[in-house]
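Here is a short tour of how the strands, helices and cores of this model fit together. Have the viewer open while you read.

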Amino acid sequence: MTPAVQALKRAKVTFELQEYPHDPASAAYGEEAARLLGLAPHTVFKTLLTKVDGKLAVAVVPVSAMLDLKALARAAGGKKATMADTAEAERATGYVVGGISPLGQKQRLATYIDDSAAGLTQMHVSAGRRGLEISLAPQDLLRLTQACLAPLARH
């Protein structure tokens with residue numbers, strides 16, 4: 001059981017786990033999850049570790065889109081956003097890249113979720129390891145991560 005699943009159980013949140021056979025050669029983890037689980041790509045979200053003005057932050061955007069770093073910086077009240085490097089992302093979250101969940105991270109980081117999630121009844125995020133997804137209500141993810149909704153996606 002991953003820390004993300006433990007966090008959901010502790011919070012008594014309704015969720016569903018979906019497992020799929022991850023191909024180690026696949027680099028597009030979220031797109032792989034959507035394809036293998038038969039999910040609409042706009043409902044599957046990737047968790048990205050970023051730095052806003054040098055401070056780590058989490059951005060959660062649909063796998064069908066790119067993160068707009070300028071939009072993230074604006075949402076966070078900062079001047080500049082960049083992607084965090086892999087080692088730093090893994091150290092801060094306790095997860096490996098491709099399996100980073102917005103839930104159950106080692107450090108509580110400011111979290112921003114693309115506002116497209118607000119229109120969904122269910123969204124899908126990594127459960128904390130490659131090949132495992134969590135399906136849950138966007139409101140539950142917002143509450144548990146204390147995230148802000150903001151327009152972050154660039155299509």
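Ala-59 sits opposite Tyr-112 of β6. That pair belongs to the link between β3 and β6, two parallel strands joined by 4 bridges. Strands here are DSSP runs of E with at least two residues, helices are runs of H or I with at least four, and both are numbered from the N terminus; two strands pair if DSSP finds at least two bridges between them.

A quick word on the source: this is a predicted model, where local features need pLDDT of at least 70, side-chain atom pairs count only at pLDDT 80 or more, and totals for chains, interfaces and linings use all residues. Residues are numbered from 1 along each chain as its sequence is written, and side-chain values use heavy atoms, with hydrogens and water left out.

**The sheet**

β3 and β6 are part of an open sheet of 5 strands with mixed pairing, in the order β5-β2-β3-β6-β9. The edges are taken by β5 (81–83) and β9 (148–150), and each has a single partner strand, so one side of each lacks a neighbour in the sheet. From one strand to the next the twist averages 35° (axes are lines fitted to C-alpha atoms, for helices over the stretch in contact, and angles run from 0 to 180 degrees between N-to-C directions).

The strand pairings that come with a bridge count are these:

| Strand pair | Sense | Bridges |
|---|---|---|
| β2 and β3 | antiparallel | 8 bridges |
| β3 and β6 | parallel | 4 bridges |
| β6 and β9 | parallel | 3 bridges |

Lys-51 has Leu-56 of β3 as its bridge partner, while Ile-113 is matched with Leu-149 in β9. The hairpin of β2 and β3 has 2 residues between the strands, and Asp-53 in this hairpin takes a positive phi near 50°. On top of the sheet, α5 packs against β6 and β9, and its direction makes about 165° with that of β6. As for β3, 7 of its 8 residues are buried (under 20% relative accessible area; exposed is over 50%, partly exposed in between, with a 1.4 Å probe and protein chains only).

**Helix α4**

Which residues of α4 are buried? They are Glu-88, Ala-89, Ala-92 and Thr-93. Because they cover an arc of only 115° around the axis, they lie on the same side of α4; the arc is that of the directions from the helix axis to the C-beta atoms. These buried residues pack against β2 and β3. At the N-terminal end, Asp-85 acts as the cap, with a side-chain oxygen 3.3 Å from the backbone nitrogen of Ala-87. Just after the helix, Gly-94 has a positive phi of about 85°.

**Ser-101**

In the loop between α4 and β6 you'll find Ser-101. Its relative accessibility is 0%, so Ser-101 counts as buried. The side chain of Ser-101 reaches the backbone oxygen of Ser-126 at 2.8 Å. Among the residues Ser-101 touches are Ala-4, Thr-47 and Tyr-95, where contact means heavy atoms within 4.5 Å.

**The cores**

The largest nonpolar core has 28 residues, with Leu-49, Leu-103 and Met-123 among those with the most contacts inside it. A nonpolar core is a set of buried Ala, Val, Leu, Ile, Met, Phe, Trp, Tyr and Cys residues joined through side-chain atoms within 4.5 Å. Elements giving two or more residues to this core include α1 (3–10), β7 (123–129) and β8 (132–136). Apart from it lies another core of 12 residues, including Leu-48 and Tyr-112.

Technical notes. A polar contact is a pair of N or O atoms within 3.5 Å; within protein, one must be able to donate a hydrogen and the other to accept it, and residues adjacent in sequence count only if both atoms are side-chain atoms. Lists of a residue's contacts leave out its neighbours within four places in sequence.
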